[in-house]
Amino acid sequence: MRKYIALTKALLKNGMGMSDGKSKKFYQVFLYVVLLISLVPISGALYFLIDEALPTYSMIDQEASLLGGMMFMSCFLIFFFSLFSIPSIFYFSRDNDNLLSLPLSSTTIIGAKFTTCLIYEYVFSVGVLLPTYLAYMNHVDVSVLFYVFGILSIFLIPVFPLVLSTFLTILLMRIAPFLKNRDRFNLISGILMLIVAFGFSYFTNHANIQEESDMIHMVMQGDNSMLELFMRAFPMIPYFSRSIIEGNIMDFAIGCLICFLSLLLLLSAGKYLYFKGVIGSNESSSSAKDMSEKQLRKQSRQGNRIRTYMAKEFKILVRTPVFFINCILTTVLMPVIFLILPFLGTLDGETMSAVTKGITALQELDNFYAYVLFVGLGCGCMFGVINLVSATAISREGNQYMIMKVLPISFRDQVYAKLWMGILLGFFTNFCTLIILWFYLHFSLVYLFIFFIASCITTVFCNDLCMMLDLTKPKLVWEQEASAVKQNFGAFVSMFGGMALCAVIIIGCFFIPEDYLQIGAIALTLTLLVLCVVLTKVVGRYGEKAMRRL
Amino acid sequence: MIEIKHVTKVYGGTKKAVDDISLNVPTGEIIGFIGPNGAGKTTTIKMITGILNPDEGEILINGKNIVKEPLAAKKEFGIVLDNADIFLRLKGIEYLKFMADMYEVDSHLRKQRIEDLAETFEMKHALNDKILSYSHGMRQKIVIMGVLISDPNVWILDEPMTGLDPQSSYQLKEKMREHARKGKTVFFSTHVLEVAEKLCDKVAIILHGRIAYFGTLDALKAQYAHCSSLEEVFLEVVNHA
């Protein structure tokens with residue numbers, strides 16, 4: 001037990017915080033506060049949703065079902081997201097080599113790692129269940145047991161879904177050794193995650209009417225029959241939800257027992273499966289193939305330094321799974337997500353042809369090009385930030401930033417090489433969008449050209465801004481590449497900043513009086529063009545200074 | 001030649017990691033930089049190579065000031081850092097091409113050097129693999145090859161022997177000797193006194209951020225004649241600092 005506590009403490013201190021090892025405590029606390037505040041809109045929306053729905057559910061005696069539904073949502077989120085984080089923590093973490101050589105049992109390691117993950121997952125249970133309980137307190141006469149069971153359930157509910165995902169991972173790693181390669185695993189799981197997300201969106205758009213009527217029938221049956229639905233996936237939900245609503249101690253005890261037994265089962269199974277799976281999990285394998293004379297000659301050809309630097313950047317982006325999924329794949333997927341999927345989900349052939357006819361008619365309008373300019377400028381902001389290449393350009397280097405400092409190539413050139421990589425990928429997204437606009441919506445070439453130019457301006461502009469932000473506060477201390485991209489506050493600010501700018505430009509143009517629309521569009525385009533040129537020049541100089549400071 | 005003139009580096013406004021050190025590392029010699037952990041070795045090397053800026057003093061590499069003319073100075077040296085985990089997702093050969101392009105090495109010359117170095121360090125079969133798949137020693141070797149591909153005038157190494165097998169360690173020492181024979185400078189930090197004894201023309205001992213001794217090992221041993229080994233000499237210097 002003592003070993004378990006010591007290891008858990010060490011793991012939490014090592015990986016729990018967003019600390020970069022340099023920042024002051026105040027800054028870290030500030031980041032946590034920002035993270036919590038960012039949960040408020042989602043939790044607030046959930047609160048109002050439940051507050052609205054609860055009276056209806058009360059009428060048909062389904063209050064516990066609604067609570068069960070929210071618990072299910074929390075469990076599903078925990079299960080889904082942990083499926084991707086558990087392998088990193090249990091199998092691909094760099095601390096594994098150290099831990100495996102220590103006199104620790106697999107139960108201690110699994111227990112400590114599980115606890116670390118569990119603490120992460122409380123974000124979901126607090127974010128979903130707290131607003132739910134608050135809404136219930138508005139409508140239902142609650143007893144003291146409601147508070148006691150409510151608070152305890154927030155801590156207990158994540159256990160079962162996490163046990164489930166951990167067990168699946170441990171089993172998978174034991175029986176499918178090809179997944180032990182970290183890069184391969186990250187790539188496959190990342191792409192699978194995207195497919196599941198798209199698939200989910202597609203199928204919810206095509207929800208079968210028959211299934212809906214079944215659901216309504218089930219709800220109308222009353223007496224919390226919907227809970228059976230949740231029971232199938234997470235058996236403790238009905239017990240917890242009933243215990244909270246009805247103050248039933250027995251139900252709560254059964255819920256706790258299910259969580260406890262599941263954990264016990266995991267630890268027992270882990271004893272036999274974990275070590276056999278984790279030993280030998282690696283990052284890459286070698287081909288042991290000799291180079292041919294032709295290959296050697298090709299690789300020995302002298303190249304332009306900036307181009308070589310960009311090629312290095314591109315190779316690292318493509319070959320690092322987490323960079324590939326977040327920075328490269330998004331450049332192609334974004335136009336697909338925003339332009340094709342909505343149509344696939346909602347429009348049939350007839351509606352589609354009506355939309356294209358409408359767009360053809362709109363193109364006849366005198367000031368249509370002004371709208372195209374605005375939309376192009378807005379979309380360019382999105383294209384500029386979505387790939388995160390410039391927003392994480394320095395952060396991705398991690399502790400290798402020192403190499404940047406010793407290379408005999410100016411900081412300015414290095415910064416520009418990184419910047420151009422982001423810009424080119426943004427242009428590529430732009431180009432993919434043009435193809436879709438042309439193919440699906442039959443935009444004329446002139447408008448496509450206007451759109452392209454406008455979006456190129458803001459793509460460059462936003463890349464400049466993202467690069468400056470990352471140069472100002474890069475996240476250089478990280479253990480896993482994912483932290484440089486996914487847990488990077490600067491990248492988060494860059495992405496949402498770009499999206500906000502996109503929304504402001506596109507929505508804003510509809511508030512401009514008709515008479516000023518054309519002049520407004522041209523003025524904004526020219527202003528952004530000038531800003532873009534100035535900023536691109538400034539980035540080089542700023543980069544030079546910022547790199548010296550690092 | 002490396003000229004370090006009254007260089008000081010202070011961390012956090014109070015801790016002097018390097019305290020007014022001056023050192024002239026001449027050409028054609030191998031200089032060992034010795035000191036206990038936390039003495040200021042890596043900080044000094046980081047300042048020489050431009051990773052850190054000194055708070056006071058100046059550093060010249062073959063006459064070029066690392067702060068004022070960083071690019072010209074960086075072209076003069078190549079560095080093997082203590083952490084060999086770099087560019088892990090590039091293949092060995094891609095890393096060498098990258099380094100050769102950064103140092104603008106001519107196509108013909110680089111091909112010849114890649115072949116020679118791959119032969120010397122027995123890396124021919126591994127060049128087509130990602131560095132990620134290399135062992136620690138192989139990573140160290142590819143980093144060394146990345147430096148030697150440009151045949152720099154000044155070769156700086158931070159703890160270069162760590163992780164190398166005896167054969168590669170021997171090859172590296174030979175390369176260092178060969179470099180010095182060509183009239184170039186080799187400056188390296190080490191904890192291993194035997195390496196310093198066998199390899200160095202002179203050693204610089206750094207203690208608490210100050211240079212405690214700079215000269216030949218023979219002269220140092222003569223100062224501490226009562227000591228029977230270099231290890232004892234080193235401990236004496238440390239204790240009397």
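**Close-ups of chains A and B**

**View 1. Here's the antiparallel edge of chain B, seen where B:Lys9 sits opposite B:Val18 of strand E2.** As with every view here, the model is a predicted one. Strand E1 of chain B covers residues 2–11, and seven bridges tie it to E2(B) in an antiparallel run. Zoom out a little and you get an open sheet of four strands in chain B, ordered E2-E1-E4-E5 and paired antiparallel. Its edge strands are E2 (15–25) and E5 (64–65) of chain B, each with pairing on one side only. Helix H1 of chain B, residues 41–48, lies across E1, E2 and E4 (56–61) of chain B, at about 120° to E1(B).

**View 2. Strand E3 of chain B, residues 30–34, is mostly covered.** How many of its five residues are buried? The count is five of five. B:Ile30, B:Gly32 and B:Ile34 point one way from E3(B), while B:Ile31 and B:Phe33 point the other way. The strand has parallel partners: five bridges link E3(B) to strand E8 of chain B (residues 185–190), and four bridges link E3(B) to strand E9 of chain B (residues 202–207). For landmarks, look for B:Phe33 opposite B:Ser189 in E8(B), and B:Ile31 opposite B:Lys202 in E9(B).

**View 3. B:Lys202 turns up again, now in a salt bridge with B:Glu29.** Their N-to-O distance is 3.4 Å. B:Glu29 sits in the loop between E2 and E3 of chain B and B:Lys202 in strand E9 of chain B, so this pair links distant parts of the chain, 173 residues apart. B:Lys202 counts as partly exposed because its relative accessibility is 23%.

**View 4. Across the chains, A:Glu481 and B:Arg89 meet through their side chains in a salt bridge of 2.4 Å, N to O.** A:Glu481 belongs to helix H21 of chain A (residues 481–485), and B:Arg89 to the loop between strand E6 (77–80) and helix H3 (92–102) of chain B, so the pair joins two chains. Are these two residues buried or exposed? Both A:Glu481 and B:Arg89 are buried.

**View 5. Within chain A, A:Glu544 and A:Arg412 form a salt bridge, with their closest N and O atoms 3.5 Å apart.** A:Glu544 is in helix H23 (residues 514–549) and A:Arg412 in helix H19 (residues 411–441) of chain A, so the pair ties together parts 132 residues apart in sequence. A:Glu544 counts as buried at 17% relative accessibility, whereas A:Arg412, at 33%, counts as partly exposed. Over all chains, the salt bridges come to 32.

**View 6. B:Leu117 sits in helix H4 of chain B, residues 107–120.** B:Leu117 counts as buried because its relative accessibility is just 5%. Leaving out residues up to four places away in sequence, B:Leu117 touches B:Met145, B:Leu148, B:Ile149 and B:Lys175. Its C-alpha lies 9.2 Å from that of B:Ile144, a residue 27 places away along the chain.

**View 7. A nonpolar patch shows on the surface of chain A, formed by A:Val126, A:Leu130, A:Leu134, A:Met137, A:Val144, A:Tyr147, A:Val148 and A:Leu152.** Together these residues have about 670 Å² of accessible area. Helices H5 (106–139) and H6 (144–156) of chain A each supply at least two of the patch residues. A:Val126, from helix H5 of chain A, is partly exposed, with a relative accessible area of 35%.

Conventions: Residues are numbered from 1 along each chain as its sequence is written. Chains are lettered from A and ligands numbered from 1 in the order in which they are written. This is a predicted model: local features need pLDDT of at least 70, side-chain atom pairs count only at pLDDT 80 or more; totals for chains, interfaces and linings use all residues. Side-chain values use heavy atoms; hydrogens and water are left out. Patches are made of residues with over 30% relative accessible area and no salt bridge: like charges are joined within 9 Å, nonpolar side chains (Val, Leu, Ile, Met, Phe, Trp, Tyr) within 5 Å. Accessible areas come from the Shrake-Rupley method with a 1.4 Å probe; for residues, only the protein chains shown count as cover. A salt bridge is a side-chain nitrogen of Lys or Arg within 4 Å of a carboxyl oxygen of Asp or Glu. Buried means under 20% relative accessible area, exposed over 50%, partly exposed in between (1.4 Å probe, protein chains only). Two strands pair if DSSP finds at least two bridges between them. Contact means heavy atoms within 4.5 Å. Axes are lines fitted to C-alpha atoms, for helices over the stretch in contact, and angles run from 0 to 180 degrees between N-to-C directions.
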